[in-house]
Amino acid sequence: MNFIKKILRKRLSQQEQIRLKFRDAFTDCVKSKFVRSALCGDAMMDGLLVYSAIANTYKILKDNKDMQMLRTLCILKDGYDPEIILKEELTIAMKKYCGMDIDDSDIENLQ
């Protein structure tokens with residue numbers, strides 16, 4: 001990330017900073033060296049690989065102890081739930097990278 005983006009992010013609210021961190025995590029997982037090296041040119045297999053990378057990233061972020069602590073602090077202190085933001089960013093990532101519209105029932109099936 002370049003210097004100007006870092007400065008602009010510091011001016012955002014805590015809620016927007018968390019949103020951008022989740023968005024970066026999903027983007028980084030799709031663009032990771034492992035995923036790029038495993039792409040084979042077959043649309044179905046590549047789609048499954050990207051889908052599983054996004055789903056695994058979501059599960060790791062959701063089950064992380066630090067995420068649970070952050071969630072508790074944000075709910076108590078500021079009144080918003082980072083898990084809702086995580087689900088919104090998951091939906092955006094699935095739409096962007098897999099072309100899939102998912103809803104809450106699909107998100108629950110990822111776990």
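Accessible areas here come from the Shrake-Rupley method with a 1.4 Å probe, and they describe a predicted model. On that basis the accessible surface of the chain comes to about 7,600 Å², and 57% of this area belongs to carbon and sulfur atoms. Of the 111 residues in the chain, 32% count as buried. Taken along the principal axes, the C-alpha atoms fill a box of roughly 45 × 35 × 25 Å.

The secondary structure can be described briefly, since the chain has 7 helices and 0 strands, and reading along the sequence therefore gives the pattern α-α-α-α-α-α-α. How residues from separate parts of the sequence meet can be judged from the contacts: among those between residues at least 6 apart in sequence, 60% join residues at least 24 apart. As for charge, the chain carries 19 positive and 17 negative charges, and the mean positions of these two groups are 9 Å apart.

The interior is a natural next stop. In soluble globular proteins, nonpolar side chains tend to be buried together. In this model the largest nonpolar core has 24 residues, and the members that touch the most others are Phe-22, Phe-26, Ile-54, Tyr-58, Leu-86 and Leu-90. At least two residues of this core are supplied by each of helix H2 (14-30), helix H4 (43-63), helix H5 (65-77), helix H6 (82-98) and helix H7 (104-110). The greatest contribution is that of H4, which gives 7 residues.

Two of these core members show what such contacts look like in detail. Ile-54 is found in helix H4, and it counts as buried because its relative accessibility is 0%. Leaving aside residues up to four places away in sequence, Ile-54 touches Phe-26, Cys-29, Val-30, Leu-90, Ala-93, Met-94, Tyr-97 and Cys-98. Leu-90, with the same kind of sequence neighbours left out, touches Phe-26, Ile-54, Tyr-58, Ile-102, Ile-107 and Leu-110. Not every residue lies at contact range from Ile-54, however: the C-alpha atom of Pro-82, 28 residues apart from Ile-54 along the chain, is separated from that of Ile-54 by 17 Å.

Other nonpolar residues have a different setting. Is Leu-76, with a relative accessible area of 70%, buried or exposed? Leu-76, which is found in helix H5, is exposed, because a relative accessible area of 70% is over the 50% cut-off. Its C-alpha atom is 44 Å from that of Ala-43, a residue 33 places apart from Leu-76 along the chain. Ile-84, in helix H6, is partly exposed, with a relative accessible area of 48%. The C-alpha atoms of Ile-84 and Arg-19 are separated by 9.9 Å, although these residues are 65 apart along the chain.

The cysteines remain to be considered. How many disulfides does the model contain? A disulfide requires a pair of cysteine sulfur atoms within 2.5 Å, and by this rule the count comes to 0 disulfides. Cys-40 is in no disulfide, as the nearest cysteine sulfur, that of Cys-98, is 15 Å away; Cys-40 itself counts as exposed, at 54% relative accessibility. For Cys-98, the closest cysteine sulfur is that of Cys-29, at 9.2 Å, and this is too far for a bond. Cys-98 is partly exposed, with a relative accessible area of 24%.

Terms used: Residues numbered from 1 in each chain as written. Predicted model: local features only at pLDDT ≥ 70, side-chain atom pairs only at ≥ 80, totals over all residues. Heavy atoms only, no water. Buried < 20%, exposed > 50% of the residue type's maximum accessible area, 1.4 Å probe, protein only. Helix = DSSP H or I, 4+ residues; strand = E, 2+ residues; numbered from the N terminus. Contact = heavy atoms within 4.5 Å. Lys, Arg positive; Asp, Glu negative; His and termini not counted. Charge placed at Lys NZ, Arg CZ, Asp CG, Glu CD. Core = buried A, V, L, I, M, F, W, Y, C linked by side-chain atoms within 4.5 Å.
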